[in-house]
Amino acid sequence: MTALQIVAAIITLAITAVGIALAVPAVQGFVRTFRLGRPEDRGDRKGRRTATLVREIFGHTRMSRLPIVAMAHWVTMISFIVLSLAVLTSYFQVWDPTFALPIIGHFVLYEWIVEFLGWTGLVGICWLIWNRRDKHPARSAGEDGRRSRFFGSTFWQAYFVEIVILVEIICVLALRGLEYAIGKHEGEGSASGLHYPLTAWYGGWLHNLDVDTVKALIVVISTIKIVTAMTWLIVLARNITMGVAWHRFLAFFNIFFKRHADGRTSLGALQPMQVDGEPVTMESLEDMDEDTTFGVGNVEEFTWKGLLDFSTCTECGRCQSQCPAWNTDKPLSPKLLMMTLRDHAQARAPYLQAAEAAKGTGPATPDNPIMEIPLIGSTGYDVDSPLTAYNPLGDAGAIVDEDVLWSCTTCGACVEQCPVDIEHVDHIVDMRRYQTLIESAFPSELGGLFKNLEGKQNPWGMAARARLDWAKGLPFDVKVFGQDVEKLDEVDYLFWVGCAGAYEDRAKKTTRAVAELLDTAGVSFAVLGDGEACTGDPARRAGNEMLFQALASQNVETLNEAGATKIVVTCAHCFNTLKNEYPQLGGDYEVLHHTQLLNKLVRDKRLVPVARPEDAEITSSAASTGKSVTYHDPCYLGRHNGVYAPPRELIGALPGVEYREMERSKEKSFCCGAGGARMWMEEKLGSRINLNRTQEAVATGADRIAIGCPFCRVMMTDGLTAEQSDGNAREEVEVVDVANMLLAAVNRGKENTLVE
């Protein structure tokens with residue numbers, strides 16, 4: 001060995017020993033931290049989970065929301081995995097510059113893959129570095145840069161990781177050229193364009209160097225490669241909150257243990273509130289101690305999957321860029337929330353672990369200020385400085401500001417966008433549960449909501465006898481279960497009217513329209529009348545799980561006794577709760593949104609929409625007479641349940657109507673602002689979410705803004721009224737439900753038939 005090789009060997013072995021010595025306890029620390037979390041079973045259907053993992057990782061299905069980023073990240077990720085073998089090769093090349101891996105070292109297919117990934121990885125990582133610089137908050141619109149999805153991300157960590165990858169790839173490509181050169185010197189048959197398809201062109205130049213120089217260069221570059229890799233490992237080990245790097249390992253586990261083994265996004269049903277790993281029900285509540293804690297009041301009260309979620313966050317900001325709260329200048333950033341919970345969990349973990357080890361021999365918890373700081377409270381949040389809402393080390397009154405928690409609309413945009421399957425909404429609601437059930441610390445407006453739900457079983461506090469007022473004046477009788485039908489198998493569907501559909505004047509129009517359309521199509525249905533209660537959606541999303549349990553249990557009992565099997569609903573929130581959450585309480589039904597059923601009836605020619613005559617006047621009583629229509633996706637119909645096509649197909653079936661899509665639509669649709677019980681909370685911070693969405697709808701120039709949810713109708717109508725008052729929208733623009741539009745078109749057909 002030369003003196004250079006001896007020095008290189010000492011350096012590489014020493015830094016490798018340091019890297020391993022630091023990495024092992026870091027990994028062990030992660031495991032110990034995750035074990036602090038509450039139990040949760042995520043180990044079912046391992047084969048299906050493995051298939052989901054392979055599909056998401058190598059298919060980049062979650063990354064595809066940003067196609068160019070996805071392509072660059074894919075080649076970079078695969079390069080990182082495959083070219084890891086090049087690091088192994090470098091260890092041997094320090095000792096023997098002519099070394100090649102046995103069997104695959106000169107295998108043509110392997111060499112082609114290495115060179116392809118080397119060059120594409122180089123392009124990919126350069127593009128990712130440029131993209132991060134281009135999207136830097138300092139270059140973002142707005143004075144504070146919050147419109148950048150990288151706002152609040154830890155830039156030095158991201159650049160460090162990207163530069164390490166860049167250096168590693170450059171070293172691999174340089175070594176390939178040098179390996180070609182030394183092969184030529186040694187007279188190896190593999191030193192040809194067949195084995196070095198993309199590096200032989202400069203390997204030939206390097207061949208002009210003498211063999212000792214080539215060998216020395218291989219030793220030097222191999223050393224650089226190993227030192228760079230081990231420096232990366234050491235920095236990772238010393239920074240366990242470095243999500244942008246640790247996600248390369250943790251993402252595999254987070255995706256494998258996602259809620260649904262088949263890969264569905266973790267939306268729809270909320271996870272039930274749990275105590276000791278078991279769901280809380282009205283029955284189990286009776287057996288619990290008075291000091292039982294509900295929800296999450298300290299970071300270790302999240303499940304182990306929640307703690308894994310926080311550590312896996314890669315700080316990419318996709319969730320933040322789609323969040324309606326963040327985009328209307330409120331303190332909630334799903335990304336910053338995950339980062340804060342991650343940092344706080346790691347800061348608190350050593351004291352919790354020490355307390356666990358000291359059980360029976362010392363104080364329950366070590367004396368440290370961070371153990372006394374509340375998770376949710378006032379942080380001295382300043383609207384001009386959004387980061388003041390997050391204090392992971394407790395340098396303010398609380399870790400997370402209460403306004404962060406209550407700004408969430410539970411729209412699910414964050415969960416849908418996250419490439420590593422973090423379940424933000426479940427974690428936010430878990431913290432709301434603690435605030436509501438244990439601390440009674442919730443927005444004052446929710447007090448009235450809870451009182452109305454408890455006393456009158458609807459959010460408006462209206463009398464149950466008024467639930468059928470919407471049906472007055474209809475040209476046919478609406479069948480009521482218990483009066484006109486004894487069992488629901490006597491009709492095709494139970495029509496779940498919902499609280500909004502029964503009490504809210506604008507929503508009543510939709511209820512009547514659906515009833516008329518079903519009658520026209522010959523579809524028999526019945527309603528529960530005053531036997532119907534609120535599904536409990538707003539209570540559950542406001543954190544009042546016990547109130548939800550009471551309402552839902554009552555409804556499930558009623559539905560099961562009535563023999564309900566098929567239910568049609570007009571409210572996206574009722575749809576989601578009945579379809580996805582009632583099975584948690586023993587209520588399994590086939591639930592259809594009215595746009596799904598009406599679309600089927602149109603396809604089956606049981607409803608036939610007719611075009612508006614060209615010379616007919618456009619009036620508010622004939623909603624579908626608008627020449628152009630845009631559609632707003634309700635979050636709980638679209639993102640939470642994947643129902644995108646039926647409403648659009650219905651609009652497309654209306655003759656003479658031009659459809660205009662908003663820029664933010666389908667998976668990327670912007671929330672109306674009513675979800676997560678926000679319908680009953682005043683919007684005091686930032687700008688109004690419904691105005692933001694309405695402005696986008698108005699910008700399409702459409703005559704009608706179509707919706708498929710009564711909550712959306714209220715919010716979009718209020719937004720449109722405000723825009724019209726300010727002169728920013730035409731007076732003839734209206735917000736209408738798709739059912740109202742269809743009814744107007746179908747009724748024209750009836751009128752034509754009567755004339756004939």
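Is Glu532 buried or exposed? Keep that question in mind while we look around this predicted model.

**The whole chain**

Let's start with the overall view. The chain's secondary structure comes to 28 helices and 13 strands. Its radius of gyration is 31 Å, close to the 27 Å that the globule rule gives for 756 residues, so the chain is as compact as a globular protein of that length. Along the principal axes, the C-alpha atoms fill a box of roughly 100 × 75 × 50 Å. Of the 756 residues, 58% count as buried. The accessible surface comes to about 30,400 Å², and 57% of that belongs to carbon and sulfur atoms. If you take the contacts between residues at least 6 apart in sequence, 77% of them join residues at least 24 apart.

**Two open sheets**

Now for the strands. Strands of a sheet pair through backbone hydrogen bonds, either parallel or antiparallel. Here are two sheets to find in the structure:

| Strand order | Number of strands | Pairing |
|---|---|---|
| β5-β7-β6-β8-β9 | five strands | parallel |
| β11-β10-β12-β13 | four strands | parallel |

In the sheet of five strands, β5 (479–480) and β9 (590–593) stand at the edges. Each has a single partner strand, so one side of each is left without a neighbour in the sheet. β5 pairs with β7 over two bridges, in the parallel sense. To locate this pairing, look for Lys479, whose bridge partner in β7 is Ala526.

In the sheet of four strands, the edges are β11 (658–659) and β13 (734–737), each pairing on one side only. Four bridges join β12 (residues 704–707) to β13, and these two strands run parallel. Ile707 has Asp737 in β13 as its bridge partner. Helix α27 (residues 710–725) packs on this sheet and touches both β12 and β13. The direction of α27 makes about 170° with that of β13.

**Back to Glu532**

Where does Glu532 sit along the chain? You will find Glu532 in the loop between β7 (525–527) and α21 (537–541). As for the opening question, Glu532 is buried, because its relative accessible area is 4%, and buried means under 20%.

Which residues does Glu532 touch, not counting those up to four places away in sequence? They are Arg467, Phe495, Trp496, Val497, Gly498, Cys499 and Asn555. For Val497 there is an extra detail: its backbone nitrogen lies 3.2 Å from a polar atom of the Glu532 side chain.

Methods: Residues are numbered from 1 along each chain as its sequence is written. This is a predicted model: local features need pLDDT of at least 70, side-chain atom pairs count only at pLDDT 80 or more; totals for chains, interfaces and linings use all residues. Side-chain values use heavy atoms; hydrogens and water are left out. Buried means under 20% relative accessible area, exposed over 50%, partly exposed in between (1.4 Å probe, protein chains only). A polar contact is a pair of N or O atoms within 3.5 Å; within protein, one must be able to donate a hydrogen and the other to accept it, and residues adjacent in sequence count only if both atoms are side-chain atoms. Contact means heavy atoms within 4.5 Å. Two strands pair if DSSP finds at least two bridges between them. Axes are lines fitted to C-alpha atoms, for helices over the stretch in contact, and angles run from 0 to 180 degrees between N-to-C directions. The radius of gyration is taken over C-alpha atoms; the globule rule is 2.2 Å times the number of residues to the power 0.38. Accessible areas come from the Shrake-Rupley method with a 1.4 Å probe; for residues, only the protein chains shown count as cover.
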